[in-house]
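Trainee: I have a new structure open and want to learn how to read it. Can we go feature by feature?
Mentor: Yes. Let us look at it together.

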Amino acid sequence: MKSKNKFKIGEFSRLCFVTVKTLRHYEKMGLLKPMEVDSWTGYRYYGVEQMEELHHILELKRIGLSLEEIRDLIEEGSDSPSVAMLEKALCKAQDEMSRVRDRIVALQRMIDSPQKKYNMSNITIKPLPGGEVVYFRKRMNGYDELGPYLVNTFYAEAMRLECVCPEETAYCFTIDHHKNYDPNNIDLEYCEVVSSHNSLPSELVAFKTIPVVDKALCYTHRGGYDTFDKSMAEVFRYLEEHDLSIADNPRFCYIHGVWDCENVFDWETIIQIPIK
């Protein structure tokens, strides 16, 4: 069934956390073709089904298969590599433990459960709070820079400005504003709801009022940020199946991360997508 929603290559890149360059390379290799190419403008359009295909490619790439091997599997119509192939890659990963720990875990998960299933049980639809927020917008060289910047700079400035966050309705989130995904050049906005503050001037943060979002799809992502593509594929599959569309930029609400968890698999992020 042809997707009802279609995205230009830049928007698809941002939503799936891959670069436009990568998408063009995958198309050239025959790994992932656009749903539609406008014969007049040359614009490439992608649908929700390409999100799931892209996630499958990225998942196989994360466990160490080459793009040529992935292309061969796709051309053979195989949903997943054989257990023998996975075990061979697992042995290689164990020899490189310090650099490929995440790959080892992914391999073991695929060996133990070759039939990948989507989990929709943690999807909810609810309103998002509005109100005055303290915020900053900054280009960063990667998502890993956000935590240290919040701890070392943002919170210190918020304290200087005597910002008070409501305990019962505490809410903070980020929005990605970059048009195309580039992991080393991220245009990131961070917002946190405040109930009061003073009016001292600041070069680091500003204040604004954001409206209440009447309806948003909320999905709990568990694990590192390098697997956001899997969660986004699940979210957009749900939107597609329930005939919902995006009303505004996705938000990422970081609940647990490197600041309070030793194990990356305990990290928790709420993906919030305003819908209509």
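Trainee: Let us start with cysteines. How many disulfides are there?
Mentor: First, the general idea. A disulfide is a covalent bond between the sulfur atoms of two cysteines. Keep in mind that this model is predicted. Here the count comes to zero disulfides.

Trainee: Which cysteine sulfur is nearest to that of Cys 16?
Mentor: That of Cys 218, and it is 19 Å away. Cys 16 is in no disulfide.

Trainee: Is Cys 16 buried or exposed?
Mentor: The cut-off for buried is under 20% relative accessible area. Cys 16 has 4% relative accessibility, so it counts as buried.

Trainee: Why is there no bond between Cys 172 and Cys 253?
Mentor: Check the distance against the cut-off. A disulfide needs the two sulfur atoms within 2.5 Å. The sulfur of Cys 172 has its closest cysteine sulfur in Cys 253, at 5.0 Å, and that is too far for a bond.

Trainee: Now helices. What span should helix α8 have?
Mentor: Use 1.5 Å a residue. Helix α8 runs over residues 228-241, which is 14 residues, so it should span 20 Å. Its end C-alpha atoms are 20 Å apart, in agreement with that.

Trainee: How many residues of α8 are buried?
Mentor: Eleven of its 14 residues, so the helix is mostly covered. Among them are Phe 228, Met 232, Val 235, Phe 236 and Leu 239. Charged side chains are on the list too, including Asp 229, Glu 234 and Glu 240.

Trainee: What about helix α5: what is its reach?
Mentor: Helix α5 covers residues 83-95 and has 13 residues. From first C-alpha to last, α5 reaches 19 Å, close to the 18 Å expected.

Trainee: Which residues of α5 are buried?
Mentor: They are Leu 86, Ala 89, Leu 90 and Ala 93. These buried residues cover an arc of only 110 degrees around the axis, which puts them on the same side of α5. On the other side, Ala 84, Lys 88, Lys 92 and Asp 95 are exposed.

Trainee: Can we take one residue of α5 on its own?
Mentor: Take Ala 93, which lies in helix α5. At 1% relative accessibility, Ala 93 counts as buried. Its C-alpha is 8.3 Å from that of Gly 64, and the two residues are 29 apart along the chain.

Trainee: Next, backbone angles. What sign does phi have in most residues?
Mentor: Most residues other than glycine have a negative phi. Now look for the exceptions. Phe 17 is not a glycine, yet it has a positive phi of about 60 degrees.

Trainee: Where does Phe 17 lie?
Mentor: In the loop between α1 and α2. Phe 17 counts as buried, at 11% relative accessibility. Its C-alpha is separated by 13 Å from that of Gln 50, 33 residues apart along the chain. Gln 50 lies in helix α3, and at 6% relative accessibility it counts as buried.

Trainee: Is Glu 162 buried or exposed?
Mentor: Glu 162 is exposed, with a relative accessible area of 54%. This residue is found in the loop between α7 and β6. Glu 162 is not a glycine either, and its phi is positive, about 55 degrees. One more case is Asp 243, just after α8, with a positive phi of about 55 degrees.

Trainee: Now for empty space. How many cavities of 30 Å³ or more does a search of the whole structure find?
Mentor: A cavity is space where a probe fits but cannot get out. The search finds one of 30 Å³ or more. About 60 Å³ of space lies in the largest cavity.

Trainee: Which residues line the largest cavity?
Mentor: Phe 17 is one of them. The lining also includes Arg 14, Asp 176, Met 232 and Phe 252. By kind, the lining has six nonpolar, no polar and two charged residues. The elements giving two or more residues to this lining are α1 and β6.

Trainee: And pockets: how much space lies in the second largest pocket?
Mentor: A pocket, unlike a cavity, is open. About 330 Å³ of space lies in the second largest one. Of the 16 residues lining this pocket, the closest to its centre are Leu 146, Gly 147, Leu 150, Tyr 254 and Trp 259.

Trainee: Which element gives the largest share of the lining of the second largest pocket?
Mentor: Helix α7, with six residues. The lining residues of this pocket divide into 14 nonpolar, one polar and one charged.

Methods. Residues numbered from 1 in each chain as written. Predicted model: local features only at pLDDT ≥ 70, side-chain atom pairs only at ≥ 80, totals over all residues. Heavy atoms only, no water. 1 Å grid on protein atoms, 1.4 Å probe; cavity = no way out; pocket = protein on both sides within 12 Å on 5 of 7 lines; lining within 4 Å. Points joined across faces, edges and corners; volume = space filled by probe spheres on them. Helix = DSSP H or I, 4+ residues; strand = E, 2+ residues; numbered from the N terminus. Expected span 1.5 Å × (residues − 1). Buried < 20%, exposed > 50% of the residue type's maximum accessible area, 1.4 Å probe, protein only. Arc of directions from axis to C-beta.
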